[in-house]
Amino acid sequence: MARSVFGLLDEAATHFPNRTALKYKEKDVWKELNWREVRDRACAVASQLIERGIQSGDRVVILSQTRFEWAIADLGILAAGGCTVPIYHSNIASDVAYIAQDCDARLAIVENSLQAAKLPHLQQIRIDDLNPTITQEKEIRKRVAATKESDWATIIYTSGTTGNPKGACLTHSNLLYEAEAIEEIELLSSSDVQLIFLPLAHVFARVMEIAWLKTAHVLCFAESVEAVVSNMKEIQPTFMAAVPRVYEKVYARVLVKARSGRYLKRQIANWAFEKQKKPQGLAWLLARYLVFSKIEQGFQEMFGKRLRFFISGGAPLNPEIGAFFKDAGVQILEGWGLTETAAATCVNRPQQNRMGTVGQPLPRTELRIAEDGEVEVRGPGVFQQYWNLPQQTAEAFKDGWFKTGDMGVIDPEGFLRITGRKKDIIITAGGKKIAPQKLENALKAATSLISQVLVFGDQKPYLIGLLTLDAQVVEGFAKRKGFSGNFEELIGHPEVLRRIEQAIKRVNQGLSSFEQIKKFQILPQDFLVGEELTPTLKVKRGYCVQKFRTHIERLYR
């Protein structure tokens, strides 16, 4: 039984030395490493770190995009007895320097000169210069044997949408629990093939890496975010994890394509989409035959025919989008967790997938709802402390339960439904409480023209919305309607505005008066990662309130 994360790799390499462990693409050719080769490469990295003076417990930064060498570097750090501190490659230099200094990092493994320049005063190794040979085998065995489950395996810094990021310390025990629980619920097995493109600096992708080690399935590294669809065709994965924004974009593209044909085709598509909202009776069977069976064929061509399911996490998934994928033959299993809970706390199962919830808790994990509606968690996956922040650590717990900051309800069968973030709850001037994410997701689902939505209204008499539009969808819409112009001109065109107003009206009709959007403004460009968006594509609400304060005030005048 493995007592460390590296121990999981050691077990896989011992039992399945020649079985394919990972695949990566190089010069248009997919190459692979077996489990023995992965272990040997990790031990070679550990040798290089030991020769550079890394001691057990030392923090080592990884500053790189997701690639197979990232996983090798991570495992090498752990084999040397170190603690991995991942940093998003998109972070600006000041944020990178803050994290490295805060955790007292001894060395950084960096992807290229651009990333190296962010840490000029720290000892570095380029990821392409990692050692190919093992020179410290005896010392590695000694350090692996000495590693305890209670040792820090990684310190993952929160996104820091407000203030400085905090480093959540996760032990080997935390990560081993996640791997064991995923195997226990039979979510994944050794026969699976995973395609990964999410940033490994995020806990969501990191747990998918740990699950790979535990179940010994095949992990394939996408060339880039842009190449994911073409890589899926080539790899034919059985599952893939992504954040909701990815599914929203696929959904929007499907709607645009279905509505871009001749008049009769568009009318049939629109009729079928309406019937899909209540999929029952003969009308739905006809809609399924005429439209959704075609979408299912398109999904098989796009995702491959072996796909069992997608996993969604990192932010709330609109239930309408989940239902749309399901009716087109593709299941999305939504899960929920935080950096502090080692990611997976709850997850829907393939045979127990309840739309609109994030599933039931993993085995041996407990949930409870506080008096104010906040979700609290207790279990083996919960972290023990923030790095060097004893006061914040104490404030994060209540009677041994971690206060997640998410609001939610638990149904009689134990399925959790997240209703919003506690700090994001809007309290209007009339005292009404509103969770903005639900309304924002509904607006994005109402028309494919909308890319992002931010709802405001705290201490105000009514709600307003700031919208960004999807340039590709807007241009396609303009072409179908027979008008042209640059993007700034298109977003102000009467036809575009009319479509947005209709979408808002449809959403408003199903809401109480105090929940409705009364005014809106379209911003001239979409949100960007590193600006309005975190690396996991979540909107930085506090930052946006400050940045767009003038627009907000104008809508209330």
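Biologist: In which helix do Phe 299 and Phe 303 both lie?

Modeller: This is a predicted model. In it, Phe 299 and Phe 303 are four residues apart, about one turn of the helix. The helix that holds both spans residues 281-303 and is H12.

Biologist: Is the aromatic pair of Phe 299 and Phe 303 stacked or tilted?

Modeller: The ring centres of Phe 299 and Phe 303 are 5.1 Å apart, with 35 degrees between the planes. Planes under 30 degrees apart count as stacked and those over 60 as edge-to-face. The pair is therefore neither of these, and counts as tilted.

Biologist: Is Phe 299 buried or exposed?

Modeller: The relative accessibility of Phe 299 is 2%. Buried means under 20%. Its partner Phe 303, with a relative accessible area of 4%, is buried. Because 2% is under that cut-off, Phe 299 too counts as buried.

Biologist: Which residues do ring pairs link into a cluster with Phe 299 and Phe 303?

Modeller: Phe 299 and Phe 303 form a pair with each other. Ring pairs extend this into a cluster, and the other members are Tyr 247, Phe 310 and Phe 325.

Biologist: How many residues apart are Tyr 24 and Phe 68?

Modeller: Tyr 24 and Phe 68 form a stacked aromatic pair, 4.0 Å centre to centre, with 20 degrees between the planes. Tyr 24 is in strand E1 (residues 20-26) and Phe 68 is in helix H3 (residues 68-79). The pair thus links distant parts of the chain, and the separation is 44 residues.

Biologist: What are the relative accessible areas of Tyr 24 and Phe 68?

Modeller: Both residues of this stacked pair are buried. For Tyr 24 the value is 11%, and for Phe 68 it is 6%.

Biologist: Which are the edge strands of the open sheet with the order E24-E25-E26?

Modeller: The sheet has three strands, with mixed pairing. Six bridges join E24 to strand E25 (residues 463-469), and these two run antiparallel. An edge strand here pairs on one side only, and the two that do so are E24 (450-456) and E26 (517-522).

Biologist: Which residue in E25 stands opposite Phe 456?

Modeller: Phe 456 belongs to E24, which covers 450-456. Its opposite residue in E25 is Ile 464.

Biologist: Which helix lies across E24, E25 and E26?

Modeller: Neighbouring strands of this sheet are turned by 25 degrees against each other on average, direction ignored. The helix across them runs at about 130 degrees to E25. It spans residues 549-556 and is H20.

How values were computed:
Residues numbered from 1 in each chain as written. Predicted model: local features only at pLDDT ≥ 70, side-chain atom pairs only at ≥ 80, totals over all residues. Heavy atoms only, no water. Pairing = 2+ DSSP bridges. Axes fitted to C-alpha atoms, helices over the stretch in contact; angles between N-to-C directions. Contact = heavy atoms within 4.5 Å. Phe/Tyr/Trp six-rings, centres within 6.5 Å; stacked < 30°, edge-to-face > 60°. Buried < 20%, exposed > 50% of the residue type's maximum accessible area, 1.4 Å probe, protein only.
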